[in-house]
Amino acid sequence: MAKEPQTPMDDELARHEQDADGAEQAAEKVAEERLMEGELEGLINDEEALEDSVDNPEAEMLAAQVGELEQSLAEAKDQALRAAAEAQNVRRRAEQEAEKARKFALEKFVKELLPVVDSLEKALETMEEGASEVHREGVSMTLKMQLDVLNKFGVESIEPHGEPFDPQVHEAMTMVPNPDLDPNTVMDVMQKGYLLNGRLVRPAMVVVSKKAD
């Protein structure tokens, strides 16, 4: 069957159909572009909302309060540690003072008692040959009892005969030339010294040697 020739009316209809198809495609493209623009705008709005939440004054105020509380807590902890250390130092000083008081409470009493010991020692040294043995033994026993009591409470005698002179515990009464001894050697003890728990109560009074002229 032979194909009928197209009339001008047919050409016009075909052209209108092509224009309609192009318009439909353009409309679809515009719709897609608008959809993409909408999604992008939504993302931008979400980001702005996030920024608004970050810049929220209430959140900033709460963060500042938290920072202040943390700083106050750190300061309180530091003060508590300092107070504990100070209390420990005070307790240690009190214990040291109490120990010192216990050790040296008898210092004045010992000083008053030492002349009695000196007198008993001198009495034994100068006692005449004619003195009775009972008398001598009585003085000796009395001296021993005195020294035993002193030793019991931490009193030690200083008898530095032949030792180097020590100004911390010796008091030089005089210096005598002596070629047989090194200079600054204790030649003679005129009066014994005493320590109370290691602390000097009375220095030993001594004669010290010096180089011969």
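## A three-stranded sheet and two asparagines

In this predicted model, three strands form an open sheet in the order β2-β6-β3, and their pairing is mixed. Because β2 (170–177) and β3 (186–191) each have a single partner strand, they stand at the edges of the sheet, and one side of each is left without a neighbour there. From one strand to the next, the twist averages 25 degrees.

In general, the strands of a sheet pair through backbone hydrogen bonds, and they may do so in a parallel or an antiparallel way. Here β3 and β6, the latter covering residues 204–210, run antiparallel and are joined by four bridges. One residue pair can be named for this contact, since a bridge links Val186 to its partner Val208 in β6.

The loops bring in a further backbone feature. Most residues other than glycine have a negative phi, yet Asn184, which is not a glycine, has a positive phi of about 65 degrees. Asn184 lies in the loop between β2 and β3. Asn197, also a residue other than glycine, has a positive phi near 50 degrees, and its place is the loop between β4 (193–196) and β5 (199–202).

The table sets out the two asparagines by phi and relative accessibility.

| Residue | Phi | Relative accessibility |
|---|---|---|
| Asn184 | about 65 degrees | 42% |
| Asn197 | near 50 degrees | 34% |

Are these loop residues buried, exposed or partly exposed? Asn184 counts as partly exposed because its relative accessibility is 42%, and Asn197, at 34%, likewise counts as partly exposed, given that this class lies between under 20% for buried and over 50% for exposed.

Technical notes:
Residues numbered from 1 in each chain as written. Predicted model: local features only at pLDDT ≥ 70, side-chain atom pairs only at ≥ 80, totals over all residues. Heavy atoms only, no water. Pairing = 2+ DSSP bridges. Axes fitted to C-alpha atoms, helices over the stretch in contact; angles between N-to-C directions. Buried < 20%, exposed > 50% of the residue type's maximum accessible area, 1.4 Å probe, protein only.
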